[in-house]
Amino acid sequence: MKKYIYYILTLCFIVISCEKDDFCVEDTTPKMVIRFYEDANPTTIKAVSKLTVWADGLDSIYTNQSLDSIAIPLNLYEDFTKYLFASEEQIDTINFTYELNDIFVSRSCGYKTNFENVDTTAITKNWIKNISIKQSIINHDTTAHISIFH
Amino acid sequence: MIQRHILVFFISLLVSSFSFAQLAQDSITQKATDSIQPKTEKHGLRIGVDLSKPIISFIDEDSKGLEILADYRIYKNYYVAAEFGTVDKTTDEDYMNFTTKGSFFKIGANINLYKNWKGMSNEIFLGVRYGFSFFDQTINSYTPNIEGTYFEELEKTPDTKLNDLTSSWFEFVVGLKVETYNNLYLGASLSINKMINTKEPDNFQNLFVPGFNNVSLNNIGVSFNYSISYLIPNVKKSK
């Protein structure tokens, strides 16, 4: 009798000890990665001086920093996000358009959103000279999706 | 939720083992005074219900369920056993909320390891089951997981219904049954379940399966019941 109780108790402890596996370790919604290149020499990476970046109507994500690449979030509840890029007192606007695709990841992470058919509309060219889309699907944030030439 | 399941299990275990001890004593004293023992062995179909599910339904309105269980002794300490039940449960996770509705059926065998005194018919059993479940999942809502809160977070309510899903699994069961009154048994059992096969829906995962319960990362589940059952005695043969 006692022996079996021990078995049952042991089993209970096993059950309790393998309880929560509740940490989100997978990749979730990616950010859009932009790299900056020199317009005259499109293969050369060129940092933007005093770069300030913000989405229309929101706070800035980067403020007065000298950077050659940035990662910015896209709005999940619209099919576009309008970003403003300021460098040395000059402001440019880029409107990014995309389609949303929600993908199931796991119990603890829930869903992530991928962005497909990424495109740009309504670009102003004050300090930005050109822009090119390197990857029209944003499903990771390890390599650049957009190149900006200045 | 699971913590509560475990708590209920412990309570049931405690209650059952107390009644077990009590019963053992009763029969000893009885044996001392009464020299004529009814030398019978109980046979027959034992049918019961799981008491924990209605109690949990009462406490937690997101969890409704019913489970009927039956077993039949076929040879010495060997029993065939089956469970049938329905579940309607809403699970709330960090980034989503979904409802699982369906039925399950389990069939297998138990072996009783408890050496009874003559005339007693208690059990401490080990068992195996094959479980099968058919169910629907409804994704009530989810919030896409994004690092940071630069844009305002919004919950999406797709109300997507994923129908005709199935799962099958193996169970290892340990439990006990105690005869409290004549032919009336109280029992508790715990199962460790290992998924064999599950038909996953598109863009979702069967995170909860009726009868199997929460599906963990390594496809293991835990279920338990706390039952009251009645033995319909159809065979009483002398030993």
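Colleague: Hi! Is Phe151(B) buried or exposed?

Modeller: In this predicted model, Phe151(B) is buried, with a relative accessible area of 13%.

Colleague: And what about Tyr150(B), buried or partly exposed?

Modeller: Tyr150(B) is partly exposed, at a relative accessible area of 21%. The cut-off for buried is under 20%, so Tyr150(B) misses it.

Colleague: Which geometry do the rings of Tyr150(B) and Phe151(B) adopt as an aromatic pair?

Modeller: Tyr150(B) and Phe151(B) pair edge-to-face, with 5.1 Å from centre to centre and 80 degrees between the planes.

Colleague: Nice. How many aromatic pairs are there over all chains?

Modeller: Searching the whole structure gives 14 aromatic pairs. One of them is Phe104(A) with Phe204(B): the ring centres are 5.2 Å apart and the planes stand at 65 degrees, so this pair is edge-to-face.

Colleague: Where do Phe104(A) and Phe204(B) sit?

Modeller: That pair crosses between chains. Phe104(A) is in strand E6 of chain A, while Phe204(B) is in the loop between strand E7 (184–198) and strand E8 (208–209) of chain B. Both Phe104(A) and Phe204(B) are buried.

Colleague: Which residues form an aromatic cluster with those two?

Modeller: Tyr111(A), Phe98(B) and Tyr142(B) join Phe104(A) and Phe204(B) in one aromatic cluster.

Colleague: Switching to cores. Which residues of the largest nonpolar core touch the most other members?

Modeller: That core has 28 residues, and the ones touching the most other members are Ile34(A), Ile70(A), Ile72(A), Tyr83(A), Phe85(A) and Phe96(A). Several strands of chain A supply at least two residues each, among them E1 (32–37), E4 (69–72) and E9 (146–149). The most comes from E2(A), which gives 4 residues.

Colleague: What does Phe96(A) touch, leaving out residues up to four places away in sequence?

Modeller: Its contacts include Met32(A), Ile34(A), Leu74(A), Phe80(A), Tyr83(A), Phe85(A) and Ile146(A). Phe96(A) also touches Asp79(A), Thr81(A), Asp119(A) and Thr120(A).

Colleague: And which residues belong to the other core, the one of 19 residues?

Modeller: Among them are Tyr142(B), Leu162(B), Trp169(B) and Leu207(B), and this core lies apart from the 28-residue one.

Colleague: Back to chain A. In what order do the 5 strands of the open sheet run?

Modeller: The order is E3-E2-E5-E6-E7, with antiparallel pairing. E3 and E7 of chain A stand at the edges with a single partner strand each, so one side of each has no neighbour in the sheet. From one strand to the next, the twist averages 30 degrees.

Colleague: How many bridges join E5(A) to E6(A)?

Modeller: There are 8 bridges between E5(A) and E6(A). Thr81(A), for example, has Phe96(A) as its bridge partner in E6(A).

Colleague: Now chain B: how many bridges join strand E4 to strand E5 there?

Modeller: In chain B, 17 bridges join E4 (residues 96–112) to E5 (residues 123–142), and these strands run antiparallel. In E5(B), Thr138(B) is the bridge partner of Thr99(B). E5(B) also pairs with E6 of chain B (residues 160–181), again in the antiparallel sense, over 16 bridges. There, Gly131(B) has Trp169(B) as its bridge partner in E6(B).

Colleague: Last one: which residues of helix H2 of chain B are buried?

Modeller: Ser52(B), Lys53(B) and Ile56(B) are the buried residues of H2(B), which covers residues 52–59. Looking down the axis of H2(B), the buried residues fall within an arc of 95 degrees, so they line one face of the helix.

Conventions:
Residues are numbered from 1 along each chain as its sequence is written. Chains are lettered from A and ligands numbered from 1 in the order in which they are written. This is a predicted model: local features need pLDDT of at least 70, side-chain atom pairs count only at pLDDT 80 or more; totals for chains, interfaces and linings use all residues. Side-chain values use heavy atoms; hydrogens and water are left out. A nonpolar core is a set of buried Ala, Val, Leu, Ile, Met, Phe, Trp, Tyr and Cys residues joined through side-chain atoms within 4.5 Å. Buried means under 20% relative accessible area, exposed over 50%, partly exposed in between (1.4 Å probe, protein chains only). Contact means heavy atoms within 4.5 Å. Two strands pair if DSSP finds at least two bridges between them. Axes are lines fitted to C-alpha atoms, for helices over the stretch in contact, and angles run from 0 to 180 degrees between N-to-C directions. The arc is that of the directions from the helix axis to the C-beta atoms. Rings of Phe, Tyr and Trp (its six-membered ring) pair if their centres lie within 6.5 Å; planes under 30 degrees apart count as stacked, over 60 as edge-to-face and the rest as tilted.
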